[in-house]
Amino acid sequence: MLFRSNLAKTFTDPEGRYRENVNGCDDGPLTSWAQVHWSLTSRPNDTTALIRVRSSDVTTAMDDYDHPSWSDWYPSNDYFETPDGALDGIASLEGLPNTQDRYLQIEGVMVANSDNQKPTLRSFSVARTCDR
């Protein structure tokens, strides 16, 4: 199963963050988060596009980006970075501390260059399975 979000967001001045909460499996099956993929519309030289995730098993967290039930960010103290010159990135969520939490939060961080040119996050998708 794949969740996809089309964004076309530019949110840097000179750095900006965008968060999106993703619902896992409904009605009982365990959610196994597998990987996150993101795509940029544009990426000027010397700009940076970063992604990180965290999970929760508490329904009310979906309405609160800062709810205390969200796990620590993964990767911890770091980000998945879009490779130099690339418009797409992909990362395994195998090391996510709570891979079977029902909800996932994705944060994109876009950093402008010294000329204030900005990368644009076009979309992201999350691969997951539902296990009973």
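Two strands are taken to pair if DSSP finds at least two bridges between them, and strands themselves are DSSP runs (E, at least two residues) numbered from the N terminus. The structure examined here is a predicted model, in which local features need pLDDT of at least 70 and side-chain atom pairs count only at pLDDT 80 or more, while totals for chains, interfaces and linings use all residues. Residues are numbered from 1 along each chain as its sequence is written, and side-chain values use heavy atoms, with hydrogens and water left out.

With those conventions in hand, strand β3 makes a good starting point. Strand β3 spans residues 30-42 and is joined by eleven bridges to strand β8 (residues 120-131), the two running antiparallel. Within this pairing, Val36 stands opposite Val126 of β8. Strand β3 also runs antiparallel to strand β6 (residues 88-92), here through five bridges, and Gln35 faces Ser92 in β6. In general, strands of a sheet pair through backbone hydrogen bonds, either parallel or antiparallel.

Trp38 belongs to this same strand β3. Trp38 has a relative accessible area of 1% and is therefore classed as buried, the term meaning under 20% relative accessible area (exposed is over 50%, partly exposed in between; 1.4 Å probe, protein chains only). Contacts, defined as heavy atoms within 4.5 Å, were listed for Trp38 without its neighbours within four places in sequence; among them are Ile51, Phe80, Glu81, Leu87, Ile90, Leu121 and Phe124. Leu87 lies 49 residues from Trp38 in sequence, yet the C-alpha to C-alpha separation is 8.4 Å. The side chain of Trp38 also makes a polar contact of 2.6 Å with the side chain of Thr82. Such a contact is a pair of N or O atoms within 3.5 Å; within protein, one must be able to donate a hydrogen and the other to accept it, and residues adjacent in sequence count only if both atoms are side-chain atoms.

Several of these contact residues lead on to another sheet. An open sheet of four strands follows the order β2-β7-β4-β5 with antiparallel pairing; its edge strands, β2 (15-23) and β5 (80-81), each pair on one side only. Strand β4 (residues 48-56) meets β5 over two antiparallel bridges. Here Ile51 has Phe80 as its bridge partner, and Leu50 is partnered by Glu81. Nine bridges link β4 to strand β7 (residues 103-111), again in the antiparallel sense, with Arg52 opposite Glu107. Strand β4 is mostly covered, as eight of its nine residues are buried.
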